[in-house]
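Me: I'm new to this one and keep tripping over the vocabulary. Could you show me the structure and then let me ask what the words rest on?

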There are 2 protein chains.
Amino acid sequence: MDLPTLSIGQFDLVYNFFSLTIATMFASGIFFFLGQRLVAPKYRVGVIVSGIVVFVAGYHYYRIWESWHAAYTLTEGSYVASGVPFNDAYRYADWLITVPLLLIELIAVLGLAKAISGPMLRNLSIASVIMIALGYPGEVASDSGTAWIFWFLAMIPFLYILYVLFAQLKDTIANETGEVATLFKRARAVIAISWWVYPLAFVLPILGVLSGAVGEVGLQVGYSIADLIAKAFYGVVIFQIARAKSDADGYEPA
Amino acid sequence: MDLPTLSIGQFDLVYNFFSLTIATMFASGIFFFLGQRLVAPKYRVGVIVSGIVVFVAGYHYYRIWESWHAAYTLTEGSYVASGVPFNDAYRYADWLITVPLLLIELIAVLGLAKAISGPMLRNLSIASVIMIALGYPGEVASDSGTAWIFWFLAMIPFLYILYVLFAQLKDTIANETGEVATLFKRARAVIAISWWVYPLAFVLPILGVLSGAVGEVGLQVGYSIADLIAKAFYGVVIFQIARAKSDADGYEPA
């Protein structure tokens with residue numbers, strides 16, 4: 001997609017949102033790395049993985065922010081495309097690492113028996129990798145027909161993931177106490193709602209809905225907000241689940 | 001706002017103040033991250049969050065310092081605007097993250113029952129995000145009428161935050177021991193006094209009071225000092241509260 005010419009205010013809004021996202025991702029990573037010591041050992045892997053996810057996201061947002069900076073040049077009071085391509089594919093590199101980990105966080109923090117969690121982790125990881133891998137050829141395709149085909153193919157593992165989270169995990173959650181059940185439902189809702197931003201952000205430009213300066217700014221700010229919710233805020237909910245379960249187990253941090 | 005021409009001494013004063021602020025923020029962050037292990041587990045989240053706040057502020061001061069450097073060029077013994085805009089909006093990105101966290105620190109370190117702290121944390125976080133979000137359009141507005149409207153709107157959540165800290169928390173603090181009560185009042189006073197710098201720094205340039213070289217230098221140095229007090233010094237008081245409460249609980253660090 002060609003980069004539209006932006007006003008200084010539009011360019012800066014995206015630039016500052018990327019910067020805010022970098023800061024929030026690394027800050028929440030430090031919180032999870034230090035905070036994991038406050039939960040019982042069996043729930044720590046889930047919280048450590050939350051920290052890893054936001055660190056990887058922070059790294060990729062740093063790269064995206066650099067690429068955004070290089071892709072534009074200030075000319076006569078406007079930001080115009082510099083000719084250096086804006087590398088949006090960093091997002092796919094990020095998702096390939098972080099999306100399986102986001103699902104692993106949720107299953108790990110529930111502290112399920114291995115006989116249940118093992119196959120579920122395997123299936124969710126494979127489905128999420130297939131989902132991202134199928135999205136990428138659609139993203140870089142030059143014609144909308146190819147883009148649509150890969151979009152539909154990628155939606156199959158996406159819907160399978162939602163099926164696992166809502167149908168397969170239903171009975172597991174029925175055994176949890178009030179607070180843990182509420183928090184688990186919140187974490188699952190974060191996935192079920194915020195993840196829709198990605199397939200929508202994929203199709204809206206094809207449909208011509210997100211075009212021009214406002215479309216590009218909306219897309220980048222929208223991605224940033226979705227990533228903050230799906231990774232940093234979600235990680236906080238995972239941490240709260242770990243704390244609530246530690247409390248319920250009678251764990252006293254030392 | 002156009003950047004005024006500065007003498008070498010004026011430019012360096014701001015430059016060195018930014019550098020001092022970067023160093024102090026990261027240094028106090030390391031102190032809080034290591035020091036949290038010396039307080040009882042239930043107060044550690046407050047101290048960890050203090051560390052995150054100063055790390056995020058240190059990051060933003062690094063960016064502001066870079067932007068200051070890029071915004072000026074040394075010409076015939078004076079620093080004149082280079083044409084690259086000075087990105088003051090980093091401050092808003094910083095506040096959007098740190099201001100809710102500063103309030104969370106204070107509530108978290110009190111170790112209140114969840115039934116009390118939960119709604120209070122939610123209300124204070126929402127109010128502070130609304131306050132910052134309302135300030136931004138005023139900051140970037142080109143006419144003073146728009147700036148004043150957003151200033152007044154942003155003052156509503158600001159006064160609400162002070163109301164919660166002074167009226168709603170009054171009874172809670174009455175139950176605390178002497179030292180904790182004194183320290184809590186100090187932390188609250190830091191907020192109630194240092195936070196006024198921000199709405200004042202917003203209106204003084206509109207009133208024409210902070211204009212020219214001295215005004216710009218005063219504004220940047222004033223912001224730096226206010227941030228050092230409101231974040232690093234405030235974090236030290238939060239740490240002291242956590243230590244005093246750990247002592248009162250009979251906690252022995254291992």
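**Strands, copies and their contact**

Reply: Sure, let's start with strands: S1 (residues 6–7) of chain A and S3 (residues 78–81) of chain A pair in the antiparallel sense over two bridges. This is a predicted model, where local features need pLDDT of at least 70 and side-chain atom pairs count only at pLDDT 80 or more, while totals for chains, interfaces and linings use all residues. Residues are numbered from 1 along each chain as its sequence is written, chains are lettered from A and ligands numbered from 1 in the order in which they are written, and side-chain values use heavy atoms, leaving out hydrogens and water.

Me: What makes S1(A) and S3(A) a pair?

Reply: Two strands pair if DSSP finds at least two bridges between them, and S1(A) and S3(A) have two. Strands here are DSSP runs (E, at least two residues), and helices are runs of H or I with at least four, numbered from the N terminus. One bridge puts Leu6(A) opposite Tyr79(A).

Me: How do you know that S2 (residues 72–75) of chain A pairs with S3(A)?

Reply: S2(A) and S3(A) are joined by four bridges, in the antiparallel sense. Leu74(A) has Tyr79(A) as its bridge partner. The two strands form a hairpin with two residues between them, and Glu76(A) in the turn has a positive phi of about 50 degrees.

Me: What turn lays chain B on chain A?

Reply: A turn of 73 degrees with a shift of 0.1 Å along the axis does it, at an RMSD of 0.1 Å. (The fit is by least squares on C-alpha atoms of residues with pLDDT of at least 70 in both copies.) The two copies are therefore related as by a five-fold rotation axis. In chain B, the C-alpha of Ala254(B) is nearest that axis, 6.7 Å away.

Me: Why do you say the copies meet through different surfaces?

Reply: Because only 4% of the interface residues of chain B are also interface residues in chain A. Contact means heavy atoms within 4.5 Å, and chain B puts in 24 residues, chain A 21.

Me: Why is Lys114(B) with Glu179(A) called a salt bridge?

Reply: The term needs a side-chain nitrogen of Lys or Arg within 4 Å of a carboxyl oxygen of Asp or Glu. Lys114(B) and Glu179(A) have N to O at 3.0 Å, so the pair qualifies. The count between chain B and chain A is one salt bridge.
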